[in-house]
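Biologist: Before we discuss the labels attached to this protein, please show me the sequence and the structure. I should then like to ask on what grounds each label rests.

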Amino acid sequence: MKVVLFCGGYGMRMRNGAADDVPKPMAMVGPRPLIWHVMRYYAHFGHTEFILCLGYGAAHIKNFFLNYQETISNDFILRNGQAELLSTDIADWTITFVQTGIESPIGERLRRVRDYLDGDEMFLANYADVLSDVPLPDMIERFRNTDAGASMMVVPPQSSFHCVEMDEGGMVGSITAVSEMPLWENGGYFVLRQEVFDHIPENGDLVADGCGELAKRGRLLAYPYRGFWKPTDTVKERAALDNAYTHGEKPWALWERPVASTA
């Protein structure tokens with residue numbers, strides 16, 4: 001299945017100053033940017049056709065792949081001054097780079113790459129800035145077995161705050177952590193059918209317009225997930241992921257896990 005990645009936003013909360021024009025998906029986690037980790041996750045499950053919805057800082061993303069160095073993340077033999085790779089990661093990827101506008105909302109970005117989906121009835125989509133170990137084949141299969149127009153991974157609220165219930169006199173009856181409340185938020189991993197385009201107007205949004213209208217019609221499927229899921233909306237969150245990577249804590253890197261024996 002083709003994978004549409006939204007990687008054209010400003011990412012203001014990730015920037016270190018006005019001179020920092022690197023788009024959020026290019027923030028580093030270990031020796032590779034976020035977008036590589038997301039793409040490697042999909043490739044692990046055999047989805048190697050990517051459509052990048054570019055916008056702000058597009059040159060950084062283009063240059064990264066145009067000047068890609070396989071030796072950074074693969075073992076190799078140096079023989080007579082030439083590197084002989086023992087493994088490879090992006091050699092079998094097909095990547096389509098599409099400028100979808102600097103100010104375009106995500107729904108409009110999706111509309112502008114529709115032709116590159118080649119009419120495929122189902123496709124995948126991701127914000128390119130969230131890492132997870134969600135079992136993608138199961139998410140796809142659950143969606144495939146329904147006639148829903150879209151499937152959205154949902155996760156428990158990530159806030160560390162507490163909600164307070166009180167009476168009219170101000171007396172507190174209960175205190176509940178937001179993360180323990182019966183609420184779910186958008187996790188940023190989507191499986192979509194072409195039907196979603198019927199509900200995204202020009203300059204519309206994928207979630208508010210497309211998924212919102214499908215939900216009203218009873219055609220939006222949720223995939224609840226309580227496993228590993230980490231956003232990178234802030235410098236602090238990105239630094240935490242980078243630190244975890246440094247210490248070998250990479251639950252999203254499913255491609256590094258040993259293959260289970262079938263004996």
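**Grounds for the labels**

Modeller: Met-166 stands opposite Val-172 in strand S12. Please bear in mind throughout that this is a predicted model.

Biologist: What makes S11 and S12 a pair of strands?

Modeller: Pairing requires at least two bridges between the strands. Five bridges join S11, residues 162-166, to S12, residues 172-177, so the two count as paired. They run antiparallel and form a hairpin with five residues between them. In the turn, Gly-170 has a positive phi of about 90°.

Biologist: How do you know that the length of H6 agrees with the expected span?

Modeller: The expectation rests on 1.5 Å a residue, which gives 16 Å for the twelve residues of H6. The C-alpha atoms at the ends of H6 are 16 Å apart, and therefore the two values agree. Just after H6, Gly-248 takes a positive phi of about 75°.

Biologist: Why is the contact between Glu-108 and Arg-112 called a salt bridge?

Modeller: The cut-off is 4 Å between a side-chain nitrogen of Lys or Arg and a carboxyl oxygen of Asp or Glu. The closest N and O atoms of Glu-108 and Arg-112 are 2.9 Å apart, so the pair qualifies. Both residues lie in helix H3, four residues apart, about one turn of the helix.

Biologist: Is Glu-108 buried or exposed, and on what grounds?

Modeller: Buried means under 20% relative accessible area. Glu-108 has 6% and therefore counts as buried. Its partner Arg-112, at 40%, falls between 20% and 50%, so Arg-112 is called partly exposed.

Biologist: What makes the contacts within helix H4 salt bridges?

Modeller: The 4 Å cut-off applies again. Asp-138 and Arg-142 meet at 3.1 Å, N to O, and Arg-144 and Glu-141 at 3.7 Å; both distances are within 4 Å, so both contacts are salt bridges. Asp-138 and Arg-142 are four residues apart in H4, whereas Arg-144 and Glu-141 are three residues apart. An α-helix has 3.6 residues a turn, so residues three or four places apart point the same way.

Biologist: Why are Asp-138 and Arg-142 called partly exposed?

Modeller: The label covers values between 20% and 50%. Asp-138 has a relative accessible area of 31% and Arg-142 one of 44%, so each is partly exposed. Arg-144 at 42% and Glu-141 at 37% receive that label because they also fall in this range. Elsewhere, salt bridges that share partners join Lys-2, Glu-49, Asp-118 and Asp-120 into one network. The whole structure has 16 salt bridges.

Biologist: What makes Phe-6 and Asp-129 lining residues of the largest pocket?

Modeller: A lining residue has an atom within 4 Å of a pocket point. The largest pocket, with a volume of about 450 Å³, has 23 such residues; Phe-6 and Asp-129 are among those nearest its centre, with Lys-24, Ile-106 and Tyr-127. Strand S13 supplies the largest share of this lining, four residues. By class, the lining has eleven nonpolar, seven polar and five charged residues.

Biologist: Which residues lie closest to the centre of the second largest pocket?

Modeller: Of the 13 residues that line the second largest pocket, the closest to its centre are Gln-158, Trp-229, Lys-230, Pro-231 and Glu-237. H6 gives the most to this lining, with four residues. The volume of the second largest pocket is about 320 Å³.

Conventions
Residues numbered from 1 in each chain as written. Predicted model: local features only at pLDDT ≥ 70, side-chain atom pairs only at ≥ 80, totals over all residues. Heavy atoms only, no water. 1 Å grid on protein atoms, 1.4 Å probe; cavity = no way out; pocket = protein on both sides within 12 Å on 5 of 7 lines; lining within 4 Å. Points joined across faces, edges and corners; volume = space filled by probe spheres on them. Nonpolar A, V, L, I, M, F, W, Y, C, P; charged D, E, K, R; others polar. Expected span 1.5 Å × (residues − 1). Buried < 20%, exposed > 50% of the residue type's maximum accessible area, 1.4 Å probe, protein only.
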